[in-house]
Amino acid sequence: MCSKICSNLLQSHSTLSTEFTYASSKVSKILFPNSTSPIPRSSIHEPHSHKHMQLCLSPCLRRRSLTFFVTTFLWDILPNTRRALLLAEELELHRYTDSKEGFTLLIPSSWTKVDKAGATALFQEANMGSNNIGVVVNPVRLATLGEFGTPQFVADKLLQAERRKESTNDAEVITVTERSGEGGLQIYEFEYTLDSTRGGMKRIFSAAFVASKKLYLLNITHSDKPESPLDPHKRLILEQVLHSFDAAI
């Protein structure tokens with residue numbers, strides 16, 4: 001019975017993600033500008049051969065380059081907590097906590113919180129509403145996520161739910177991991193690609209945990225089209241959001 005309930009909730013979570021994207025695309029007439037990759041680390045350490053290139057970089061790209069340089073340089077010499085704080089500050093992330101529902105995560109400072117039926121919390125990127133971060137919380141009879149299944153089992157259920165949609169052309173799992181959250185909380189993380197007739201190719205980052213007999217599901221959706229792929233800087237931001245999802249103290 002518990003497995004059936006969780007499977008239904010995962011199906012609802014998957015459907016809700018598509019509804020977020022579809023509704024936003026109709027309202028916002030979203031455009032996906034060509035992304036710009038940050039300069040490689042080699043160009044930072046070879047000022048003579050790339051001097052002209054560095055001088056011509058836009059302020060935005062120079063800032064991104066500096067961000068990657070600083071965080072990489074300090075990553076191995078700072079404690080874990082200091083690392084996380086530094087990275088969140090450099091990536092312009094702020095912490096959002098829902099004390100009533102009992103969860104917390106980092107959110108890009110420029111993203112806006114919007115109301116959406118079925119979502120406990122939903123944040124959208126400015127002028128790109130199909131790029132969104134959604135959280136759904138539902139009661140379950142499980143005490144831990146492990147009672148439902150392994151990370152791979154849950155990932156398979158998510159993909160099955162995606163592939164059953166008429167709008168889905170293809171869905172493929174990229175990574176499946178497990179980490180410990182607050183007080184040793186069991187948290188599963190997933191990354192997969194989704195090719196849909198509603199918005200084209202997308203990159204999905206998801207996380208799930210069970211606490212206080214409630215199932216918490218995080219879904220991060222971002223466009224990842226061949227002509228405008230997810231750039232490394234934005235990916236780093238979304239990964240930090242994914243890893244920050246946890247139960248609130």
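A residue counts as buried when its relative accessible area is under 20%. By that criterion, 48% of the 249 residues of the protein chain are buried. The model described here is predicted.

## Overall composition

The protein chain contains seven helices and ten strands. Its exposed surface comes to about 13,000 Å², of which carbon and sulfur atoms supply 54%. Among contacts in the protein chain with a separation of 6 or more, 59% are between residues 24 or more positions apart.

## The seven-stranded sheet

One open sheet is built from seven strands in the order β3-β4-β5-β9-β8-β7-β6, with antiparallel pairing. Its edge strands are β3 (112–114) and β6 (168–180), each of which pairs on one side only. From one strand to the next, the twist averages 20°.

Within this sheet, strand β5 (residues 128–139) and strand β9 (residues 214–223) run antiparallel and are joined by eight bridges. Asn-219 in β9 stands opposite Gly-134. Helix α6 (residues 151–163) packs on the sheet, where it touches β6, β7 and β8 (200–211). The direction of helix α6 makes about 155° with that of β6.

## The three-stranded sheet

A further open sheet has three strands in the order β1-β2-β10, and here too the pairing is antiparallel. Strands β1 (93–98) and β10 (246–247) stand at the edges with a single partner strand each, so one side of each has no neighbour in the sheet. Strand β2 (residues 103–108) runs antiparallel to β10, and two bridges join them. Thr-104 has Asp-246 in β10 as its bridge partner. Helix α7 (residues 232–244) lies across β1, β2 and β10, and runs at about 170° to β2.

## Salt bridges

Eight salt bridges are found in a search of the whole structure. Three of them are set out below.

| Basic residue | Acidic residue | N to O distance |
|---|---|---|
| Lys-234 | Glu-125 | 3.0 Å |
| Lys-165 | Glu-162 | 2.8 Å |
| Arg-203 | Asp-224 | 2.8 Å |

The side chains of Lys-234 and Glu-125 meet in a salt bridge. This pair links distant parts of the chain: Lys-234 belongs to helix α7 and Glu-125 to strand β4 (residues 121–125), 109 residues apart. Both Lys-234 and Glu-125 are buried.

In the salt bridge between Lys-165 and Glu-162, Lys-165 has a relative accessibility of 12% and therefore counts as buried. Glu-162 is also buried, because its relative accessible area is 0%.

Arg-203 and Asp-224 form another salt bridge. Arg-203 lies in strand β8, while Asp-224 is in the loop between β9 and α7, so the pair ties together parts that are 21 residues apart in sequence. Arg-203 is buried, its relative accessible area being 16%. The corresponding value for Asp-224 is 11%, so Asp-224 is buried as well. Arg-203 and Asp-224 also belong to a network of salt bridges that links them with Glu-191, Arg-235 and Glu-239.

## The surroundings of Glu-189

Glu-189 is found in strand β7 (residues 186–196), one of the strands of the seven-stranded sheet. With a relative accessibility of 5%, Glu-189 falls under the 20% limit and therefore counts as buried.

The side chain of Glu-189 takes part in polar contacts with two side chains described here. One is that of Arg-179, at 2.3 Å. The other is that of His-243, at 3.1 Å.

Which residues is Glu-189 in contact with, leaving aside its neighbours within four places in sequence? They are Thr-175, Val-176, Thr-177, Arg-179, Ser-206, Ala-207, Leu-242 and His-243. Of these, Thr-175, Val-176, Thr-177 and Arg-179 fall within the residue range of the edge strand β6 (168–180). Ser-206 and Ala-207 fall within that of β8 (200–211). Leu-242 and His-243 fall within that of helix α7 (residues 232–244), the helix that lies across the three-stranded sheet strands β1, β2 and β10. Glu-189 in β7 is thus in contact with residues of both strands that flank β7 in the order of the seven-stranded sheet, and with residues of helix α7.

Notes:
Residues are numbered from 1 along each chain as its sequence is written. This is a predicted model: local features need pLDDT of at least 70, side-chain atom pairs count only at pLDDT 80 or more; totals for chains, interfaces and linings use all residues. Side-chain values use heavy atoms; hydrogens and water are left out. Helices (H or I, at least four residues) and strands (E, at least two) are DSSP runs, numbered from the N terminus. Buried means under 20% relative accessible area, exposed over 50%, partly exposed in between (1.4 Å probe, protein chains only). A polar contact is a pair of N or O atoms within 3.5 Å; within protein, one must be able to donate a hydrogen and the other to accept it, and residues adjacent in sequence count only if both atoms are side-chain atoms. Contact means heavy atoms within 4.5 Å. Two strands pair if DSSP finds at least two bridges between them. Axes are lines fitted to C-alpha atoms, for helices over the stretch in contact, and angles run from 0 to 180 degrees between N-to-C directions. A salt bridge is a side-chain nitrogen of Lys or Arg within 4 Å of a carboxyl oxygen of Asp or Glu. Accessible areas come from the Shrake-Rupley method with a 1.4 Å probe; for residues, only the protein chains shown count as cover.
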